[in-house]
Amino acid sequence: MTLNLNKIREDFPILQTIINGSPLVYLDNAATTQKPQSVIDAITDYYTRYNSNIHRGAHQLSNLATDAHEEARKTVQKYINAEQSHEIIFTSGTTESINLAAYAFGEAFVNPGDEIIVTEMDHHSNFVPWQMLCERRRAHFRVVSFDDNGDIRLDVLERLLSEKTRLVAFNHVSNSLGTVNPAHEIIQMAHDAGAAVLVDAAQAIQHIKHDVQALDADFYAFSGHKIYGPTGIGVLYGKEKWLEAMPPYQGGGEMIDLVTIEKTTYNKLPFKFEAGTPNIVGPIGLAAAIDYINALEFSDIVNHEDEVLEYGRKRLLEIEGLTLYGDAKHRASILPFNIEGIHHFDLGTLLDSYGIAVRTGHHCTQPMMTALGIEGTVRASLALYNTKEEIDALVDGIHKAMRMLGR
Ligand SMILES: Cc1ncc(COP(=O)(O)O)c(C=O)c1O
């Protein structure tokens with residue numbers, strides 16, 4: 001089967017937008033994806049029909065909202081094949097998921113002299129929280145480099161792993177190069193050394209079929225807005241054995257069992273990690289996004305995106321003076337490049353004037369940019385609704401910009 005691209009594009013109303021007289025070519029999906037009408041409708045429906053606070057209400061609206069919120073947890077559980085729904089913690093996004101894990105895992109399991117390993121290609125949100133944890137707990141922060149193709153140096157990881165390693169954190173898909181890291185292999189290596197693993201799936205959740213049990217990930221983090229859902233909602237999956245042993249991240253309403261002046265005891269999972277009124281509608285929108293994807297064949301999405309990605313690589317490489325970054329064994333969705341003599345920001349601004357939305361800069365991966373010896377790139381990033389015609393529009397736009405800049 002193949003995707004019905006016309007139908008899919010109609011499902012995303014924003015794709016009909018005209019920018020500066022040209023049809024929008026939206027190639028900034030690694031930053032955030034667009035939302036299908038069904039997600040927008042689910043959010044509107046919540047606010048129109050049953051907006052209410054959850055869990056502690058004695059009235060009908062509260063029960064409806066609670067049911068929808070908790071049903072959404074089960075939808076996420078099934079989507080990533082977690083064993084139990086209370087292993088799904090709702091957060092505000094990948095960033096909060098990782099901060100929560102770094103804080104609470106650190107408090108419970110990291111002591112002076114221990115080691116945490118991340119990679120040089122990680123997003124700042126899977127880098128800085130671990131660095132902060134190491135400073136707080138006087139642990140050592142270790143970083144695995146990548147090779148010229150943008151593949152993780154597994155030999156370096158092997159060397160760094162030891163009985164002192166408490167946790168390895170890595171991104172499944174790099175947001176700056178599109179490298180798909182060998183998650184199974186990395187997790188196996190870490191586990192063999194006795195370390196836990198956090199997978200940052202922010203750029204993987206929408207492109208790769210997921211099964212946290214098959215992966216054997218200890219923690220797994222992603223954001224709703226990168227998988228066609230709303231902003232402000234994310235997920236931290238954690239194996240029950242870790243979550244049970246970790247202290248709460250924030251104190252407040254909902255996360256407690258009993259509060260007295262002498263001592264507070266905490267609620268059961270997942271509520272122990274969900275203090276305060278949560279983003280109630282976020283999971284409802286996220287579940288609608290997952291339902292949208294589930295109604296398609298996931299392998300069709302992957303095949304289509306891979307086809308457009310490889311077409312994009314081929315077309316971009318035809319442009320004289322263009323450097324395309326990353327040639328990893330497995331890649332997903334990201335086209336990062338620079339053109340000799342043109343600043344990435346200038347190119348991005350000119351492309352915008354032709355209706356083409358890309359991102360420019362370091363993409364929150366400064367250590368990676370330092371390793372590549374560059375300040376930043378232009379990044380085109382794909383989602384399931386992108387087409388080869390949009391790649392052609394990007395290439396035409398680049399030629400036009402180059403002419404404009406006298407190149
Ligand atoms: C690989 C990766 N990790 C983490 C994040 C942070 O996600 P959020 O800003 O939704 O918390 C991003 C966002 O671009 C990302 O690409």
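## An enclosed cavity

Let's start on the inside. This is a predicted model, and the structure holds one cavity of 30 Å³ or more. The space in the largest cavity comes to about 30 Å³.

Which residues line the largest cavity? They are Thr-119, Val-144, Ile-152, Leu-157, Val-168, Phe-170 and Ile-186. Sorted by class, the lining of this cavity has six nonpolar residues and one polar residue, with no charged residues.

## The largest pocket

Next come the pockets, beginning with the largest. The largest pocket has a volume of about 370 Å³. It is lined by 26 residues, and those closest to its centre are Ala-30, His-123, Asn-175, Lys-226 and Cys-364. If you would like to find the pocket in the 3D view, these five residues mark the closest part of the lining to its centre.

Two elements of secondary structure can help you get your bearings here. Helix α4, residues 94-109, and strand β16, residues 359-361, each supply at least two residues of the lining of the largest pocket. Which element gives the most to this lining? It is β16, with three residues. By class, the lining of the largest pocket has 17 polar, five nonpolar and four charged residues.

## The ligand and its surroundings

Where does the ligand sit? You will find the ligand in the largest pocket. There are 13 residues around the ligand, and the ones that come nearest are Thr-95, Asp-200, Ser-223, His-225 and Lys-226. Lys-226 is thus a residue to look for twice: it is listed among those nearest to the ligand and among those closest to the centre of the largest pocket. The shell around the ligand has nine polar, two nonpolar and two charged residues.

Some of the distances are worth a look on screen. In the side chain of Thr-95, an N or O atom is 2.6 Å from an oxygen atom of the ligand. For His-225, a side-chain N or O atom is 2.7 Å from a ligand oxygen. For Lys-226, the distance between a side-chain N or O atom and an oxygen atom of the ligand is 2.6 Å. How much of the ligand does the protein bury? Taken alone, the ligand exposes 390 Å², and the protein buries 86% of that area.

## The second largest pocket

The second largest pocket has a volume of about 230 Å³. Of the 18 residues that line this pocket, Phe-90, Thr-91, Glu-96, Glu-274 and Ala-275 are the closest to its centre.

Helix α4 appears again here: both strand β4, residues 88-91, and α4 supply at least two residues each to the lining of the second largest pocket. Strand β4 gives the most to this lining, with three residues. By class, the lining of the second largest pocket has eight nonpolar, seven polar and three charged residues.

## Two backbone details

To finish, here are two spots along the backbone. Most residues other than glycine have a negative phi, and most peptide bonds are trans. Leu-269 and Pro-270, however, are joined by a cis peptide bond, with omega at about 0°. You can find Pro-270 in the loop between β12, residues 264-266, and α10, residues 281-294.

The other spot is Asp-216. Its phi is near 65°, which is a positive value in a residue other than glycine. Where is Asp-216 found? Asp-216 is in the loop between α8, residues 212-215, and β9, residues 219-223.

How values were computed
Residues numbered from 1 in each chain as written. Predicted model: local features only at pLDDT ≥ 70, side-chain atom pairs only at ≥ 80, totals over all residues. Heavy atoms only, no water. Near = heavy atom within 4 Å. Polar contact = N/O pair within 3.5 Å; in protein donor to acceptor, adjacent residues only side chain to side chain. Areas by Shrake-Rupley, 256 points an atom, 1.4 Å probe, with all protein chains shown as cover. 1 Å grid on protein atoms, 1.4 Å probe; cavity = no way out; pocket = protein on both sides within 12 Å on 5 of 7 lines; lining within 4 Å. Sits in = over half its atoms within 2 Å of the grid points. Nonpolar A, V, L, I, M, F, W, Y, C, P; charged D, E, K, R; others polar. Points joined across faces, edges and corners; volume = space filled by probe spheres on them. Helix = DSSP H or I, 4+ residues; strand = E, 2+ residues; numbered from the N terminus.
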